[in-house]
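Reader: Before we discuss individual contacts, could you take me through the reasoning behind each label you apply?

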Amino acid sequence: MIEAPEYVPLGSVVSLKGNEKKLMVIGRALMVGDGDGREYYDYAFCLYPEGMLGDVIVYSNHENIEAVHSKGFQDEEDTQVLKRIREALIQADTPKAQLRPVSLW
């Protein structure tokens, strides 16, 4: 069973521990996989203020967020999506990814 964090909203701008580059949340609760299996990440980010540059996506977990600079929009629809995400994570058997150091610009 995977325990869901208190997700920050889509569109939030954050900094990750050990990096000064700001990132914007573009996805939550992502299963990422390759030939060696699948891993779970709390978030997918794009660079801020650049936005999507080609296929550059940064994956990370909630505990690695150092600062939230701006929170994205939240409403009842977002609350319902987060409820469904939490329910799905309870059923998931995918391990949470162990993060590797990454250098952002």
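Author: I begin with ring pairs: rings of Phe, Tyr and Trp (its six-membered ring) pair if their centres lie within 6.5 Å, and planes under 30 degrees apart count as stacked, over 60 as edge-to-face and the rest as tilted. By ring pairs of this kind, Tyr7, Tyr43 and Phe45 are linked into a cluster. This is a predicted model, in which local features need pLDDT of at least 70 and side-chain atom pairs count only at pLDDT 80 or more, while totals for chains, interfaces and linings use all residues. Residues are numbered from 1 along each chain as its sequence is written, and side-chain values use heavy atoms, with hydrogens and water left out.

Reader: How many aromatic pairs does a search of the whole structure find, and what makes the pair of Tyr7 and Tyr43 edge-to-face?

Author: The search finds three aromatic pairs. For Tyr7 and Tyr43 the centres are 5.6 Å apart and the planes stand at 85°, so the pair satisfies the distance limit and its angle falls in the edge-to-face class. Tyr7 lies in the segment before strand S1 (13-16) and Tyr43 in strand S3 (residues 37-47), so the pair ties together parts that are 36 residues apart in sequence; strands (E, at least two residues) and helices (H or I, at least four) are DSSP runs, numbered from the N terminus.

Reader: Why is the pair of Tyr43 and Phe45 called tilted?

Author: Its centres are also 5.6 Å apart, but the angle between the planes is 35°, which is neither under 30 nor over 60 degrees, and the pair therefore counts as tilted.

Reader: How do you know whether Tyr7, Tyr43 and Phe45 are buried or exposed?

Author: Buried means under 20% relative accessible area, exposed over 50%, and partly exposed in between (1.4 Å probe, protein chains only). Tyr7 has 6% relative accessibility and so counts as buried; Tyr43, with a relative accessible area of 0%, is buried as well, and Phe45, at 0%, is likewise buried.

Reader: What makes the contact between Glu6 and Arg86 a salt bridge?

Author: A salt bridge is a side-chain nitrogen of Lys or Arg within 4 Å of a carboxyl oxygen of Asp or Glu, and by this rule the count comes to five. The closest N and O atoms of Glu6 and Arg86 are 3.8 Å apart, so the pair meets the limit. Glu6 lies in the segment before S1 and Arg86 in helix H1 (residues 76-91), so the bridge ties together parts that are 80 residues apart in sequence. Glu6, at 61% relative accessibility, counts as exposed, whereas Arg86, at 27%, is partly exposed.

Reader: Why does the contact of Arg28 with Asp78 count as a salt bridge, and which parts does the pair tie together?

Author: The closest N and O atoms are 2.6 Å apart, which is within 4 Å, so the contact qualifies. Arg28 lies in strand S2 and Asp78 in helix H1, so parts that are 50 residues apart in sequence are tied together. Arg28 and Asp78 are both buried.

Reader: How do you know that Asp42 forms a salt bridge with Lys96?

Author: Their closest N and O atoms are 3.0 Å apart, so the same cut-off is met. Asp42 lies in strand S3 and Lys96 in the segment after H1, so the pair ties together parts that are 54 residues apart in sequence. Asp42, at 0% relative accessibility, counts as buried, while Lys96, at 29%, is partly exposed. Asp42 and Lys96 are linked with Glu63 in a network of salt bridges.
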